[in-house]
Each structure stands twice: as C-alpha cells, then as structure tokens.
Amino acid sequence: MARELVWTGFITLDGVMDSPGGPSEGHPSGGWVMGTPFDEAAFSLKGEELEETTALMFGRRSYEAFAPIWRDSEDHAAYRDLPKYVVSSSLGPEGLVAGWGPSTVLRSEADVAALKESDGGAIFIHGSGELARRLSRAGLIDRYHLLMFPVLLGTGKRVFPSDEPGEQKLVLRESEAYGNGVVKVIYDVVR
C-alpha cells in the first residue's frame, strides 16, 4: 500500500495561503491567523495530524523558513526526530539543518512518487504552496487538511491556482466549524 501524501495548511476563504503569521512574511495583509480570535478547538487538527504523521515534506523555501525555528520550538518538539524530505533542485546537503532528525533532499516529482511507494505511513507537507501545486498536477497529493479562516484577501499565493485548467474531484472526509469562524475541512482526492 502506497504512503499517503497530505498537504496541510491555513487558508483564507478565498484560498490565499500567503503570510498567515505576519507582514514580515511578505504579504501586506499578513497576520490573518493572529487576527482571528483564538479558539483552541480550531487547532485540534494539528494534534490529530501528529498522530498520523510519519514524515514531513517541504519545498526549499518553506524548509529554510521552518527548519531553524521548528527544530528548537517546544510547540514542534514531536517533529524533531521524524524524517524530513525537502524537494529542491538547488538545495545541497550543506543546506540541511543539523539536529532536526534525518533529512533527505529529493530532486523531482519522480523521487516523490518513489518515496510514496516505500514502506511507512502518511507524509505531511506543511506550507510549500508551490510544491503542493506541482505535486497536485503530477497526481501525487492524496488528501488536503485545511483550516479555512474567515478572511478575504483578494490577492496572494494560493495552493489552488485559478489560472490552471482542469478539474480535480475531492470527497469530503471530515468537517467542523468553530466559534471563531474557522472551518476545518479534510478532503480525499478522487483518482
């Protein structure tokens, strides 16, 4: 049985994933997660995911942003020893962050497809919107875990681009709405 590849992320109602944590991440309207009233239950998805996660995958830019912070973060301590896969044509072994578990650079979608055929459980992709789009086009994403925030930004990076033709059917696995307006949706990709 092939390993599942799951993209997990925070998005706005209009599908923007850009700069949820703050303006320093590059979007003029950044910080929309922090601008939403906190509801602990809305973030329970992250704990549920952790029980299922056997490895993490990132694109180069997300890896370079997350690895140095998550390695030392107590909030992300459970990720420390998990295998990490970075999909990049330019990152060399010297660019991998020491002390954050075994890390491997994959060079192509073919490498990701081969990894999916190996033994092990679910691999979760955090952030990495460009990588998620590429892997989706290649038919490699199996599931989406989304926390949708009650915000409209109009512009920004999207995991689901509107300029690409084609239809991808999804089946709702689970959903829940929270008091702060955040909605959790989990979709399986139909093949």
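Reader: Which residues of the largest nonpolar core touch the most other members?
Author: This is a predicted model, in which local features need pLDDT of at least 70, side-chain atom pairs count only at pLDDT 80 or more, and totals for chains, interfaces and linings use all residues. Residues are numbered from 1 along each chain as its sequence is written, and side-chain values use heavy atoms, leaving out hydrogens and water. A nonpolar core is a set of buried Ala, Val, Leu, Ile, Met, Phe, Trp, Tyr and Cys residues joined through side-chain atoms within 4.5 Å. The largest core has 23 residues, and those touching the most other members are Leu5, Trp7, Met57, Val112, Ile125, Leu135 and Ile141.

Reader: Which elements give two or more residues to this core?
Author: Elements here are DSSP runs numbered from the N terminus: helices (H or I, at least four residues) and strands (E, at least two). Two helices contribute, α3 (109-116) and α4 (129-137). The strands are β1 (5-12), β2 (53-59), β3 (84-87), β5 (122-126), β6 (143-149) and β8 (183-189).

Reader: How many residues are in the second core?
Author: This core is separate from the one just described. Its members include Leu56, Tyr63, Ala67 and Leu91. The count is 15 residues.

Reader: What does Trp7 contact, leaving aside its neighbours within four places in sequence?
Author: Contact means heavy atoms within 4.5 Å. Met17, Ile125, Gly127, Ser128, Ala132 and Ile141 are among the partners of Trp7. The others are Arg143, Tyr144, His145, Leu146 and Val159.

Reader: Which residue in β3 stands opposite Met57?
Author: Two strands pair if DSSP finds at least two bridges between them. β2 and β3 do so in the parallel sense, over four bridges. Lys84 and Val86 point one way from β3, and Tyr85 and Val87 the other way. Opposite Met57 is Tyr85.

Reader: Which elements do the buried residues of α4 pack against?
Author: Buried means under 20% relative accessible area, exposed over 50%, and partly exposed in between (1.4 Å probe, protein chains only). In α4 the buried residues are Gly129, Leu131, Ala132, Arg133, Leu135 and Ser136. Just after this helix, Gly139 takes a positive phi of about 75°. The buried residues of α4 pack against β1, β2, β3, α3, β5 and β6.

Reader: Why is β8 largely enclosed by the rest of the structure?
Author: Look at its seven residues. β8 is largely enclosed because the number of them that are buried is five.

Reader: Which residue of β8 is the bridge partner of Glu174?
Author: β8 pairs with β6 in the antiparallel sense, over six bridges. β8 also pairs with β7 (residues 170-177), again antiparallel, over seven bridges. In the first pairing, His145 stands opposite Ile186. In the second, the partner of Glu174 is Ile186.

Reader: Which residue in the turn of the β7 and β8 hairpin has a positive phi?
Author: Five residues lie between the two strands of this hairpin. The phi in question is about 90°. The residue is Gly181.

Reader: Is Gly179 buried or exposed?
Author: Gly179 lies in the loop between β7 and β8. Its relative accessible area is 81%. That makes Gly179 exposed.

Reader: How many Å apart in space are Gly179 and Ala41?
Author: In sequence, Gly179 and Ala41 are 138 residues apart. In space, C-alpha to C-alpha, they are apart by 9.0 Å.
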